[in-house]
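Here's a walk through the side-chain contacts of one protein model, with charges first and rings later. Have the viewer open as you read.

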Amino acid sequence: MSNRTDGGQKRRAQERASIRVITGSMLWRSTVYATQSHWHLFLTIPPAGGLFEGSGSQTEELDDRYGFGATSAATWLLPKGEFTVGGEARWDHSQYDNWFTTDRRRDSTQAGFTASQGAGALFVDSHFDLSDRLRVDLGGRADAFSTRTTPTGEERATGSTGVLSPKVGARWQLTEAVSTHMNVSRGFRSTDGIVEDPTLPVITAWAYEWGARYDAGRGFVSGTLFRMNVSNEQTFDPITGNSSSGGSSRRQGVELQWAAPLGDEWSFAGQWTFNDARYTHLTLVSEEGDEPPEAVDGLRVYNTAEYVGAASVAYAPAGASWHARVGGNWVGPYSPFDEPGVLTGGYGLMQASLSFTFAGTDANIGVRNLLDRAYPEIIAGHKIAPGQPRSAFLSIRRAF
């Protein structure tokens, strides 16, 4: 600890009450809940690029939050499907303050605001079996948000928005072993930083997916083609924690999964995703404003690897209470934040573990990064955070 007066406390609580009623072919369920959290921390971090941190001075951070919410839905069981309709609402409040301090004495204010957000949604969901082999899913929801924030010493800012999110999907069982599926849907999430600027639009994405699966005894293999079009793309710097909004991107590729027995005691499993993620429209503007805007249309999306994958071989002797696993995970080249057009090299890491059960206790012992390979955990803004070296772990779990 660089400062003996560093420290603090945090508390978190949640209350929930639910009710379920079954009447004939209808199931009605409702839940109400409340949340509270308190975070009060004094921390000194050596100079770095973080937001409100890394200055070399002690900072005091106070974060108080509470909220309330409710959800209710009714489901009708149909002869060849089911239909659900419902709604939900929530309200959250937050008080945040950040100060420069010296041995817990406040020197100056760095940030402070009071914020609240109300949200409500109506949704429908259904699936229908058009035949013994064909199932169709239909649904959607409508969301509305209203955000208010009052920075310390400034006027209140407000913003509101609404989002429609439809979805449709189908699954066709071609044979006993082969099936295929397709999905089209629209999703969203709130933009980071909406408390500072309630007028920021939400991030939306249209997702398209088609895949096939083959099941054979204890094994399977599946492949899925996907595409996602994102609007209001948010660009995030993992080193400093800063982000910027605007622009759009397209992500498309293929995802493979498999599990195959190799005799009675050995098995082979894995999954790989190949992703071609590129900006369709984005113009970068330097924070200082001393450089001309730079268009990165067609370049790779920051911090999104060309591929990620994992594969492992497991050995589980018949009748034994233990099994061993050796595997690896791989990360392909990606473009670090703030380095448009630059691609890092890919890397792979090897892992090994042994799991066993004795006297009602489950234990797992193993080694991560078995070959002790040097690799970058994060690269952003021409800064590199190294990854974890070879390390051993042990976990024990017992149920009482």
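Start with a salt bridge: the side chains of arginine 65 and aspartate 63 come together at 3.0 Å, N to O. Keep in mind that you're looking at a predicted model. The two partners sit in unlike surroundings. Arginine 65 has a relative accessible area of 45%, so it counts as partly exposed. Aspartate 63 has 12%, and since buried means under 20%, this acid is buried.

**More charge pairs**

The count for the structure comes to 14 salt bridges. Here are some of them, with the closest N and O atoms.

| Salt bridge | N to O distance |
|---|---|
| Arginine 65 and aspartate 63 | 3.0 Å |
| Arginine 90 and aspartate 92 | 2.4 Å |
| Arginine 135 and aspartate 137 | 3.3 Å |

How accessible are the partners in the other two rows? Aspartate 92 is partly exposed at 29% relative accessible area, and arginine 90 is partly exposed at 29% too. Arginine 135 gets 34%, which again makes it partly exposed, while aspartate 137 lands in that class with 23%. Elsewhere, Arg250, Asp276, Arg278 and Arg300 are joined into one network by salt bridges that share partners.

Arginines also turn up over aromatic rings. The charged end of arginine 213 sits over the ring of phenylalanine 220, with 4.0 Å to the ring centre. Arginine 368 does a similar thing with phenylalanine 393: it lies over the face of that ring, 4.2 Å from the centre.

**Rings with rings**

How many aromatic pairs does the structure hold? The answer is 15. One of them is tryptophan 76 with phenylalanine 83, whose centres are 6.4 Å apart and whose planes make an angle of 35 degrees, so the pair is classed as tilted. Tryptophan 76 is partly exposed at 32% relative accessibility, and phenylalanine 83 is partly exposed with a value of 32%.

Another tilted pair is tryptophan 266 with tyrosine 315: here the centres are 4.7 Å apart and the planes meet at 40 degrees. This pair links distant parts of the chain. Tryptophan 266 belongs to strand β14 (residues 266-281) and tyrosine 315 to strand β17 (residues 307-315), which puts them 49 residues apart. Both rings have some access to the outside: tryptophan 266 is partly exposed at 43%, and tyrosine 315 is partly exposed at 23%. There's also one aromatic cluster made of Trp272, Phe274, Tyr307 and Trp330.

**A nonpolar patch on the surface**

Go back to tryptophan 76 and phenylalanine 83, because both residues belong to a nonpolar surface patch along with Leu78, Val85 and Val124. Together the patch members offer about 360 Å² of accessible area. Which strands supply at least two residues each? They are β3 (58-78) and β4 (81-102), and phenylalanine 83 is found in β4.

Why does phenylalanine 83 qualify for a patch at all? A patch residue needs over 30% relative accessible area, and phenylalanine 83 has 32%, so it passes that cut-off.

**Where the nonpolar side chains are buried**

In soluble globular proteins, nonpolar side chains tend to be buried together. In this model, the largest nonpolar core has 9 residues: Ala277, Tyr279, Leu282, Leu284, Val296, Val301, Tyr302, Phe337 and Ala380. A second core, separate from that one, has 7 residues, among them Tyr334, Tyr347, Tyr375 and Ile379.

**Two asparagines with positive phi**

Last stop: the backbone. Asparagine 232 has a phi near 50 degrees, a positive value in a residue other than glycine. You'll find asparagine 232 in the loop between β10 (219-231) and β11 (234-236). Asparagine 303 also has a positive phi, about 60 degrees, although it is not a glycine. Asparagine 303 lies in the loop between β16 (294-295) and β17.

Are these two asparagines buried or exposed, or in between? Asparagine 232 has a relative accessible area of 11%, so it counts as buried. Asparagine 303 has 33% and is therefore partly exposed.

Notes
Residues are numbered from 1 along each chain as its sequence is written. This is a predicted model: local features need pLDDT of at least 70, side-chain atom pairs count only at pLDDT 80 or more; totals for chains, interfaces and linings use all residues. Side-chain values use heavy atoms; hydrogens and water are left out. Patches are made of residues with over 30% relative accessible area and no salt bridge: like charges are joined within 9 Å, nonpolar side chains (Val, Leu, Ile, Met, Phe, Trp, Tyr) within 5 Å. Accessible areas come from the Shrake-Rupley method with a 1.4 Å probe; for residues, only the protein chains shown count as cover. A salt bridge is a side-chain nitrogen of Lys or Arg within 4 Å of a carboxyl oxygen of Asp or Glu. Helices (H or I, at least four residues) and strands (E, at least two) are DSSP runs, numbered from the N terminus. Buried means under 20% relative accessible area, exposed over 50%, partly exposed in between (1.4 Å probe, protein chains only). A nonpolar core is a set of buried Ala, Val, Leu, Ile, Met, Phe, Trp, Tyr and Cys residues joined through side-chain atoms within 4.5 Å. Rings of Phe, Tyr and Trp (its six-membered ring) pair if their centres lie within 6.5 Å; planes under 30 degrees apart count as stacked, over 60 as edge-to-face and the rest as tilted. A charge sits over a ring if NZ of Lys or CZ of Arg is within 6 Å of the ring centre and within 35 degrees of the ring normal.
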